[in-house]
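Please walk through this structure and explain how its parts are held together. Take the loops, the charged pairs, the surface and the cysteines in turn.

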Amino acid sequence: MHPLKISQESLETIVSVILRVPALFLIEVWFRTNPHKTIQLHSDDVELIVTAAYYMALVIAVAIATLPLRHLVTFYIYLVCAGLMACAKMVSKAYVSVEKLEHEEELETAGKENITLHAGLSALLEDRKHIERLVLHIFTQVFIAAVVAYLMEIENWVKFTLLAFALPVVARLTGFPVSELHLVHDFATVYTILLILCCIFNNLGIIIDICKEGINVAVVSFRTFGIIPVALTFWRTMALPVQLVLFWGLMFLSQIYVYVYTENLGIWQEGWLVLLLASMGECCATPVSLLALCVAITYASCAILCLTKLYLQGMDAFEHDTMRGWTEGLTMLLIAVQTDLLELKPLQRAFLMSILLFIVLSSLIQSMYEIADPILLALSASHNPSIIRHLKAVTLCTVLWILPLYMTYFICQYFDMDFWLMVIVSSCLLTSVQVIGSLVVYMLFMYDFMRPDPWEKLDDVVYCARALTRVLEFIVAVFVVCFGLKESLIGEWSWINSIILIVHCYFNVWKRLQSGWKSFLLRWEAAKKVESLPLATEQQLAKHDDVCAICYSDMKTACVTPCDHLFHCVCLRKWLYVKETCPMCHRDLANSNEAHSQEVPAPHNDETNEDALHVIEGAARENELHKQDSSDSSSSSSATTEVDIYDADYDEGQLAEADQLM
């Protein structure tokens with residue numbers, strides 16, 4: 001087994017993501033903080049300083065998010081060094097405090113027992129505790145100074161100045177009064193601050209050059225490519241979606257930890273669902289966290305959809321589609337903006353979050369159905385012998401029609417039904433209706449497969465099943481419209497509800513009705529045309545001695561087109577649902593009887609006419625072959641493919657699927 005190897009590019013991406021995530025936390029804190037309310041300001045000077053620091057924090061966050069990786073690493077090195085110096089200050093302060101406390105205790109004990117304390121270095125070195133404290137403090141200060149000098153690449157005498165916080169130890173060894181030891185510590189603190197300011201001042205020119213370079217590159221990029229391409233490139237190269245997902249996940253887990261281990265909040269006792277909703281509501285209180293939540297939903301939806309395809313088809317058909325899941329994420333973002341989610345209080349935000357998650361989950365179930373539906377029908381149409389694959393598809397579809405019903409029942413128990421909730425619930429119910437319709441069609445195909453002879457009425461029965469599904473969808477849409485009209489007339493009227501109602505009437509009622517009626521007329525006209533064609537005699541079938549050009553099956557019965565081509569009646573009828581032309585020569589079959597009487601001469605019994613008829617038939621066949629060679633590949637392939645008959649709109653994928661049905 002080969003060891004796992006990570007490329008340098010992948011390693012740099014991982015490091016870049018980890019180092020930039022703190023910028024998102026800093027921006028989140030910046031949005032949540034109001035300096036005028038958090039800090040009590042007593043003068044204009046203090047207010048000015050606080051305001052400057054407040055906006056400087058935002059500038060630092062933007063710098064962390066946009067700096068190139070090499071500059072970002074340098075920034076973090078300086079930040080770590082500043083943190084180490086802060087640790088050195090804390091160690092020095094602790095040492096001074098302990099020394100002063102012990103000295104006061106010794107004085108108090110000596111005063112009670114009338115004992116004279118011995119001062120000086122010899123007395124200090126006789127106490128083992130003092131020696132251990134001195135050694136530990138000196139070792140800590142030397143270690144911190146060495147690490148800082150190494151990170152900042154200081155090789156001259158300046159690195160010894162980093163031992164400023166070791167001065168309290170030196171002062172203690174030289175007999176400096178313990179009561180005044182804090183003065184030495186304060187001197188070391190002031191000296192270190194001045195040292196840091198000098199370092200910043202020396203590198204100020206480099207910082208300004210980096211900022212100018214970044215601004216110039218951004219301006220040139222915007223002028224050359226435009227804002228949107230540059231933004232998309234930044235989104236991809238900086239792996240910003242991954243940063244947002246990591247940021248929101250950490251914030252969400254930390255919020256759950258706070259709610260669980262903070263006893264006075266009492267949210268844990270309300271149940272895990274309330275805990276999750278409250279945590280999610282608290283983690284989308286700013287534009288940054290809301291965007292991160294939408295991206296996290298996108299990635300979670302993409303993972304679920306990919307796992308759905310993996311579950312149904314296995315590793316062979318698995319393809320990572322990065323565009324999956326964005327519908328759910330964008331839906332969450334649009335509804336959150338429309339409902340002013342950021343302006344609500346935490347409790348109201350948690351309450352609204354349940355509705356938003358219901359909408360997102362409904363959209364996700366619909367996307368899962370769109371993946372499962374063609375796979376389910378392909379299994380039944382292609383007569384796949386794998387029982388496990390059939391069980392997987394049927395089990396998933398069963399879950400997909402039961403889950404929306406349970407969600408609808410659950411949401412109706414907690415909320416009063418209004419127009420908006422009715423629209424949301426209806427979309428969820430439509431998914432259940434569509435999944436049940438697909439399962440019915442699947443069972444019809446499986447029944448046809450188990451029959452000893454083909455089921456000639458399969459086409460009509462499947463059409464009726466799908467038509468019933470469309471009728472149920474239409475009834476649900478009409479019910480929503482009626483409910484909306486009732487709310488507008490009796491309840492509160494609003495422009496938004498009226499616009500939504502009009503859009504719903506047009507797309508979900510009028511378009512469905514128009515599509516269903518068009519599909520019915522196509523079937524009716526195709527059936528009429530096929531019934532008007534004559535049936536082939538036994539002599540014609542024997543003379544043809546070939547399979548049906550549509551389904552490639554033997555022909556025991558067939559109908560004859562005006563251009564003398566033979567097809568199964570059912571196959572030709574399916575073809576005529578899409579095109580009113582012959583599948584072989586593409587001749588118009590609209591006026592079949594007239595064309596047949598005008599173009600096909602009546603046969604005679606004499607040899608001369610028979611020879612002429614053979615010549616005409618040979619020329620016709622050559623003409624057909626020439627037309628087939630000159631036609632495009634899509635037309636040629638569609639001539640030998642059975643078409644789908646159940647929807648008004650047809651495409652190549654449906655034609656290929658219908659070919660499998662035969």
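Asp 340 is partly exposed, at 46% relative accessibility. The model is a predicted one. In it, Asp 340 sits in the loop between α14 (326–338) and α15 (346–381). Look at its backbone. Asp 340 is not a glycine, yet its phi is positive, about 55°. Most residues other than glycine have a negative phi.

Ala 239 makes a second case. Its phi is also positive, about 50°, and it is not a glycine either. Ala 239 belongs to the loop between α10 (227–237) and α11 (240–261). Is Ala 239 buried or exposed? Its relative accessible area is 12%. The cut-off for buried is under 20%, so Ala 239 counts as buried. Asp 340, at 46%, falls in the partly exposed class.

Now turn to the charged pairs. How many salt bridges does the count come to? The count comes to five. One of them pairs Arg 32 with Glu 282, with the closest N and O atoms 3.4 Å apart. Arg 32 lies in helix α1 (residues 8–32), and Glu 282 lies in helix α12 (residues 272–282). The two parts are 250 residues apart in sequence, so this pair ties them together. The partners are covered to unlike degrees: Arg 32 is partly exposed at 38% relative accessibility, whereas Glu 282 is buried at 18%.

Another bridge joins Glu 99 and Arg 172, and here the closest N and O atoms are 2.9 Å apart. Glu 99 is in helix α4 (residues 69–113), and Arg 172 is in helix α7 (residues 167–173). The pair links distant parts of the chain, 73 residues apart. Both Glu 99 and Arg 172 are buried.

Helix α4 also holds Glu 102. The side chain of Glu 102 meets that of Arg 133 in a salt bridge, at 2.5 Å from N to O. Arg 133 lies in helix α6 (residues 128–151), so this pair ties together parts that are 31 residues apart in sequence. Glu 102 is buried, and Arg 133 is buried too. These two pairs do not stand alone. Glu 99, Glu 102, Arg 133 and Arg 172 are linked in a network of salt bridges.

Next comes a polar side chain under cover. Thr 298 is in helix α13 (residues 287–313). Its relative accessible area is 2%, which makes Thr 298 buried. What does its side chain meet? A polar atom of the Thr 298 side chain lies 2.9 Å from the backbone oxygen of Cys 294. Thr 298 also has contacts beyond its neighbours within four places in sequence: Arg 324, Gly 325, Trp 326 and Gly 329.

Leu 430 is another residue under cover. Its place is in helix α17 (residues 419–450). With a relative accessible area of 12%, Leu 430 is buried. Pro 404 is 26 residues away along the chain, and its C-alpha atom is separated from that of Leu 430 by 9.0 Å.

The surface offers a contrast. Which residues make the nonpolar surface patch of about 530 Å²? They are Val 190, Ile 193, Leu 194, Ile 196, Leu 197 and Ile 200. Val 190 is found in helix α8 (residues 181–202). Val 190 is partly exposed, with a relative accessible area of 48%.

Finish with the cysteines. A disulfide is a covalent bond between the sulfur atoms of two cysteines. How many disulfides does a search of the whole structure find? The search finds zero. Take Cys 81 and ask why it has no such bond. The closest cysteine sulfur is in Cys 199, 8.6 Å from the sulfur of Cys 81. A disulfide needs the two sulfur atoms within 2.5 Å, so this pair is too far apart for a bond. Cys 81 is also buried, at 3% relative accessibility. Cys 397 is buried as well, with a relative accessible area of 1%.

Definitions and conventions. Residues numbered from 1 in each chain as written. Predicted model: local features only at pLDDT ≥ 70, side-chain atom pairs only at ≥ 80, totals over all residues. Heavy atoms only, no water. Buried < 20%, exposed > 50% of the residue type's maximum accessible area, 1.4 Å probe, protein only. Helix = DSSP H or I, 4+ residues; strand = E, 2+ residues; numbered from the N terminus. Polar contact = N/O pair within 3.5 Å; in protein donor to acceptor, adjacent residues only side chain to side chain. Contact = heavy atoms within 4.5 Å. Patch = residues over 30% accessible without salt bridge, like charges linked within 9 Å, V, L, I, M, F, W, Y side chains within 5 Å. Areas by Shrake-Rupley, 256 points an atom, 1.4 Å probe, with all protein chains shown as cover. Salt bridge = Lys/Arg side-chain N within 4 Å of Asp/Glu carboxyl O.
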